Amino acid sequence: MIKDLPNKLKLLRAENRYTQRQLAQKLQVSPSIVSGYETGDRTPSLENLLALAKLYNCSTDYLLGMNADEPSIAIDTEGLTIQQITVLQDLVAVMKDEI
C-alpha cells in the first residue's frame, strides 16, 4: 500500500463532489474497486493513477507521496505548441521570482 494514498483519494473525491459510483464511471471500473482504493485494499493501476491525477488536476507525485503534503497543480498542455508551453513555463518562472 502506498502511504496516505487511500486518504488522499477519498479527500480528493469528496472535494470534487464525486460519489464512488460517479468516479467509478469516469474510470470505467466498478464502485467496489474505487472503494478498495479508498480503504487501501487495492492499489490503482498505472492507467487509473494517471487518470486520477488528470481528473483531480494534481501530480502523480502528490498521489504517491513523493512531494510535500500540498498537491501540485498540473496544467493540461494538450493541444498547445512547444512555443506556447515554453511561454507558460517562462511565465511561471517570472511569477516565482516576483513572489
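Q: How much area does the chain expose, and which atoms supply 53% of it?
A: Accessible areas come from the Shrake-Rupley method with a 1.4 Å probe, and for residues only the protein chains shown count as cover. Here the chain exposes about 7200 Å², with 53% of that supplied by carbon and sulfur atoms. This is a predicted model, in which local features need pLDDT of at least 70 and side-chain atom pairs count only at pLDDT 80 or more, while totals for chains, interfaces and linings use all residues. Residues are numbered from 1 along each chain as its sequence is written, and side-chain values use heavy atoms, leaving out hydrogens and water.

Q: What does the secondary structure of the chain come to?
A: Helices (H or I, at least four residues) and strands (E, at least two) are DSSP runs, numbered from the N terminus. In this chain there are six helices and zero strands.

Q: Which residues of helix α2 are buried?
A: A residue is buried under 20% relative accessible area, exposed over 50% and partly exposed in between (1.4 Å probe, protein chains only). In α2, which spans residues 20-27, the buried ones are L23, A24 and L27. They lie on the same side of α2 because they cover an arc of only 105 degrees around the axis, the arc being that of the directions from the helix axis to the C-beta atoms. An α-helix has 3.6 residues a turn, so residues three or four places apart point the same way.

Q: What covers these buried residues, and which exposed residues does the face turned away carry?
A: Contact means heavy atoms within 4.5 Å. The cover over the buried residues of α2 includes α1 (5-15), α3 (31-39) and α4 (46-56), whereas R21 and Q25 are exposed on the face turned away from the buried side.

Q: Where in the chain does R17, with its positive phi, lie?
A: Most residues other than glycine have a negative phi. R17 has a phi near 55 degrees and is found in the loop between α1 and α2; R17 counts as exposed because its relative accessibility is 74%. Q28, just after α2, likewise takes a positive phi, of about 60 degrees.

Q: How exposed is N57, and where does N57 lie?
A: N57 lies in the loop between α4 and α5, and its phi is near 55 degrees, a positive value. With 35% relative accessibility, N57 counts as partly exposed.
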